[in-house]
Amino acid sequence: MKYIFWDIDGTLLKTGLAGVDALCDAIKCRFGIENFQFSHPLAGMTDSFIFKQTIKDIKGSCNAADAAGLLIHYHQLLEKYLPSHHGSLMPNVKETLQYFSKQQTNYKTCLLTGNTRAGAFAKLRHYGIAQYFDSRYSACGELSEDRCELAKTAYQRLYLLEPDLTPDNVIIVGDTPNDILCAQAIKARSLIILAGSTYNTEELKSYNPWQIIPELPDDPRDFAALLDKN
């Protein structure tokens, strides 16, 4: 069995900034700050990092109660904001996931995302693709602030289930340098899809990904053939 670990935002889908707006509204609800300006990048970061750093910027420090309170507000508001924003799946995502869900393919589709599990599956459900991912094989943003640690956790879980697993059987699909670094942390391959990325090809190439493609192919069999290359 081989495992494809998918990033969500910018790779599988775009929410039309529903997540950012939900977080800004949660900050307003919790701390009374309107139009909060983030001092750190959001793309490719874990929710754990984003929430902790946001609270530190506001209060100077972050405790568990502050983080939990902001997270609860965020999850409630995300469910409200997703339908009101004009997001979409990235090209050919549903067709590709449907193809890999067939029993005759030797791949399992998993998540490796900075989103919390609740946030991740709220987005996937809204865009109709949650059924293609098994949460048992996925690693989400509440497990660590560090994306590379998420990759290591995911790999360790797989190894316990499949002791013959090697890094060659794992491919991380994303759209940012952090996805490439995740793959390198476990000696796996990284495939970057440009369609939803905020980075250009040269920026991404400097991190030495395994492959960069403009978007998922129209025919999922072409994508499968690419993944089967060494």
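Is Glu-145 buried, partly exposed or exposed? Select Glu-145 to begin: at 36% relative accessibility, this residue counts as partly exposed, where buried means under 20% relative accessible area, exposed means over 50%, and partly exposed lies in between, with a 1.4 Å probe and protein chains only.

Before going on, keep in mind that this is a predicted model, in which local features need pLDDT of at least 70, side-chain atom pairs count only at pLDDT 80 or more, and totals for chains, interfaces and linings use all residues. Residues are numbered from 1 along each chain as its sequence is written, and side-chain values use heavy atoms, with hydrogens and water left out.

**The whole protein**

Show the full chain, which holds nine helices and seven strands; these are DSSP runs numbered from the N terminus, a helix being H or I over at least four residues and a strand being E over at least two. The C-alpha atoms fill a box of roughly 50 × 35 × 35 Å along the principal axes, and 47% of the 230 residues count as buried.

**The sheet**

Now colour the strands, and look for an open sheet of five strands in the order 4-1-5-6-7, with parallel pairing. Two strands are said to pair if DSSP finds at least two bridges between them. Strand 4 (107–111) and strand 7 (211–213) stand at the edges, each with a single partner strand, so one side of each has no neighbour in the sheet. From one strand to the next the twist averages 20 degrees, where axes are lines fitted to C-alpha atoms, for helices over the stretch in contact, and angles run from 0 to 180 degrees between N-to-C directions.

Select strand 1 (residues 2–6), where four of the five residues are buried. Five bridges join strand 1 to strand 4, and the partner of Lys-2 in strand 4 is Tyr-107. Strand 1 also pairs with strand 5 in the parallel sense, over four bridges, and here Trp-6 has Val-173 as its bridge partner. Then move to strand 6 (residues 189–193), which pairs with strand 7 over three bridges, with Leu-191 standing opposite Gln-211.

Add helix 7 (residues 177–185), which lies across strand 5 (170–174) and strand 6 and runs at about 165 degrees to strand 6. In the loop between helix 7 and strand 6, find Lys-187, whose phi is near 60 degrees, a positive value in a residue other than glycine. Lys-187 is exposed, with a relative accessible area of 69%.

**The salt bridges**

Which residue forms a salt bridge with Lys-52? It is Glu-145, where the tour began, and the closest N and O atoms are 3.2 Å apart; a salt bridge is a side-chain nitrogen of Lys or Arg within 4 Å of a carboxyl oxygen of Asp or Glu. Lys-52 belongs to helix 2 (residues 47–59) and Glu-145 to the loop between helix 5 (117–126) and helix 6 (147–161), so that the pair, 93 residues apart, links distant parts of the chain.

Next select Arg-147 and Asp-179, whose side chains meet in a salt bridge at 2.4 Å, N to O. This pair links helix 6 to helix 7 across 32 residues. Arg-147 counts as buried at 5% relative accessibility, and Asp-179 counts as buried at 1%. Add Asp-7 to the selection to see a network of salt bridges that links Asp-7, Arg-147 and Asp-179.

Note on methods
Contact = heavy atoms within 4.5 Å.
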